[in-house]
Amino acid sequence: MTTLTLTTSPILTRPVPGALANIAAVAGRELRDALRSRWFILYTLAFTALGLGVSYVSAASSGGAGLSNFGRTTAGLINLVLLVVPLMALSAGASSVASDRERGMLAYLLAQPVSRLEVLLGKYVGLAGALLACLTLGLGLCTAILAWKGQDTGVAAVLTLAGLAFTLALGMLSVGMLVSVLARRASVAVGTVIFIWLVFVFVSDLALMAGTIALRLPIDQLFLLSLLNPLQVFKMWSLHAGDASLDVLGPAGLYAMEEYGPRLHLIFAACLSAWIVLPLTLAAAVFARRSPL
Amino acid sequence: MIRIENVTKRFGRVPAVDGVSLDVPVGESLALWGSNGAGKTTLLRCVLGLLPYQGHIRIGEHDARADGKAARMLLGYVPQELGFYDDLRAGEALRFFARLKGLRLARSEVHAALANVGLDGHHAKRIRELSGGMKQRLALAIALVGDPPVLILDEVTASLDACGRGEFVAMLARLRGQGRTMLFASHRLDEVTALATRVVMLERGKAIADLPPADMTRRLGAGSELHLLLDAAVRAQAVALLRERGFEARLNGRGILVPVPESQKAGPFRVLAEARITIADFDLVPADGGHTHSEGTP
């Protein structure tokens with residue numbers, strides 16, 4: 001090593017790495033870390049196994065010999081995505097920042113020439129990549145096995161479902177990261193997102209039903225309230241994208257179809273986009289001010 | 001190289017760093033000396049941009065707050081204990097942190113960087129497989145990526161054993177000899193005398209003295225420093241007992257540190273023996289920074 005002074009240090013002539021380069025570096029490391037982790041493997045295997053199970057049961061219960069008609073099976077897969085994907089994305093986001101903080105890794109990382117926003121976005125992009133890989137593998141394996149069995153796999157339906165599931169995953173990842181930034185401990189963050197998941201999956205539906213009966217909510221308000229739950233939005237959008245009919249959702253679905261028609265895609269897209277952007281923006285604002293220690 | 005102007009950092013209403021100002025010229029090695037809670041680590045964290053603060057900090061020509069990324073490009077940082085991702089391999093860790101400094105290291109460069117800190121052949125080892133000393137060496141290798149002109153060291157030997165500590169300090173002394181600017185926190189006299197060209201003494205967040213290492217020894221009035229390794233359950237009690245008997249004992253990682261005059265080196269042993277506190281190990285370090293001349297289990 002050569003003798004160094006301020007004027008001879010080679011680092012003085014090197015430009016400061018740009019935001020995109022740093023985001024890519026953090027994202028790459030986060031993605032590799034996630035792909036090697038047990039949660040990724042477990043979720044992917046569980047998602048695939050459940051997907052195949054749902055496909056088989058849906059087809060068999062509709063009179064077929066099982067593993068038939070992927071279009072019909074899509075409805076079953078939507079419910080599977082509703083349960084598994086939010087939990088997967090919320091827990092991935094929840095442990096991202098909080099566990100690094102707990103290990104002292106966050107402070108070490110931020111002591112490097114990287115900004116807090118770059119670290120947060122890098123983590124987000126990396127985890128989003130891991131979730132995309134998980135969904136692609138899960139749904140891909142499911143589709144491949146159905147195709148191998150000689151069934152109609154409906155590639156367009158699978159791609160649409162995968163795309164919408166990924167959008168939902170991005171929204172839940174944002175919420176998970178917001179919780180992670182706010183929580184002092186990873187265990188608290190994970191506990192909190194499990195509670196949030198329960199609220200989205202079960203409590204909000206029950207509350208909506210109870211509110212409708214108790215408060216005699218008009219149909220338009222019922223539809224607007226259902227838009228507050230990203231899981232409901234995903235469900236409605238998936239069904240709408242699948243067969244352009246929401247009558248399976250009852251009066252609220254019929255109302256939405258009649259009132260908004262083709263604009264529903266835009267409404268659903270705006271709702272899920274808000275679930276992606278708003279929590280992530282809030283997380284960035286909190287992360288910029290919070291001590292990494 | 002580093003200019004700290006009237007920096008104050010409060011936690012609630014308690015000032016951890018209170019109006020500290022100091023300059024570290026190019027090539028100087030400045031030690032921040034003080035007991036636990038004196039504000040050494042907090043001040044370093046302000047320099048690194050990890051904590052908000054009042055006042056101004058400049059690194060080279062960059063403001064540490066407004067131009068943090070550029071300022072941190074000039075720094076290599078070694079923390080007290082590294083909380084790395086356990087599954088990452090040593091070579092991968094080096095490559096990752098190099099990318100954050102805008103560098104893509106070739107395989108040969110990774111090997112050379114690890115060899116430079118005595119980690120030859122360990123590039124494929126996972127972090128969890130490395131000992132505490134090896135992790136610190138890896139942290140040093142990462143800090144040196146890109147040859148930054150400044151090293152920030154935060155009690156880097158606190159978690160090392162006597163042997164590992166000696167080797168690590170020798171490595172740092174070699175780096176200092178190459179003209180690198182150093183700002184480090186320590187409460188070990190041997191480290192300060194071996195590495196520092198200047199010492200700033202901190203007490204309750206205030207800089208109370210700025211002097212050469214030799215003068216610090218005289219000011220402390222201590223001939224040696226006794227490092228006692230004690231069970232965690234009795235450390236606080238031991239410190240309290242020793243203070244009652246006039247020794248300036250303080251907690252330090254897995255044990256306690258006691259500056260002792262030449263004529264009273266056995267004093268702390270007597271105090272702790274009377275209280276039936278077992279000493280697991282000890283290390284006596286002369287204040288002039290010489291090698292450990294006595295070490296063992298009483």
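**Strands, salt bridges and an interface in a predicted model**

Tutor: The open sheet of chain B has 4 strands in the order β2-β1-β4-β5, with antiparallel pairing. Residues are numbered from 1 along each chain as its sequence is written, while chains are lettered from A and ligands numbered from 1 in the order in which they are written. The model is predicted, with local features needing pLDDT of at least 70, side-chain atom pairs counting only at pLDDT 80 or more, and totals for chains, interfaces and linings using all residues; side-chain values use heavy atoms, with hydrogens and water left out.

Student: How do you know that β1(B) and β2(B) pair?

Tutor: Strands are DSSP runs of E of at least two residues, and helices are runs of H or I of at least four, both numbered from the N terminus. Two strands pair if DSSP finds at least two bridges between them; strand β1 (residues 2-11) of chain B and β2(B) have 7 bridges in the antiparallel sense, so the pair qualifies. Within this pairing, B:V7 stands opposite B:V20 in β2(B).

Student: What makes β4(B) and β5(B) a pair?

Tutor: Their antiparallel pairing runs over 2 bridges, and the rule asks for at least two, so the condition is met. Here B:R58 stands opposite B:D63 in β5(B), and in the hairpin of these strands, which has 2 residues between them, B:G60 takes a positive phi near 60 degrees. On the other pairing of β4(B) (residues 54-59), with β1(B), there are 5 bridges, and B:R58 is the bridge partner of B:R3.

Student: Why are β2 and β5 of chain B said to stand at the edges?

Tutor: Each of β2 (14-24) and β5 (62-63) of chain B has a single partner strand, so one side of each is left without a neighbour in the sheet.

Student: Why is the meeting of B:E92 and A:R36 called a salt bridge?

Tutor: The term requires a side-chain nitrogen of Lys or Arg within 4 Å of a carboxyl oxygen of Asp or Glu. For the side chains of B:E92 and A:R36 the N to O distance is 2.7 Å, so the pair satisfies the rule; the count between chain B and chain A is 2 salt bridges, and a search of the whole structure finds 18 over all chains. Inside chain A, A:R29 and A:D33 meet at 3.7 Å, N to O, and both lie in helix α1 (residues 19-36), 4 residues apart, about one turn of the helix.

Student: How do you know that chain B and chain A are in contact?

Tutor: Contact means heavy atoms within 4.5 Å, and 43 residues of chain B are in contact with 42 residues of chain A. The area buried between them (the accessible area, 1.4 Å probe, lost on being put together, summed over both) is about 3,800 Å², of which carbon and sulfur atoms give 65%. B:K69, B:Y85 and B:L100 supply 21% of the area that chain B buries against chain A, more than any other three residues.

Student: How do you know which parts of chain A to read with caution?

Tutor: The guide is pLDDT, the predictor's confidence in each residue, from 0 to 100. Chain A has a mean of 84, with 87% of its residues at 70 or more, yet residues 1-6 of chain A fall below 50, although this stretch has 21 contacts beyond near neighbours in sequence. Where pLDDT is low, the predicted coordinates should not be read in detail.

Definitions and conventions:
Buried area = accessible area lost by both parts, 1.4 Å probe.
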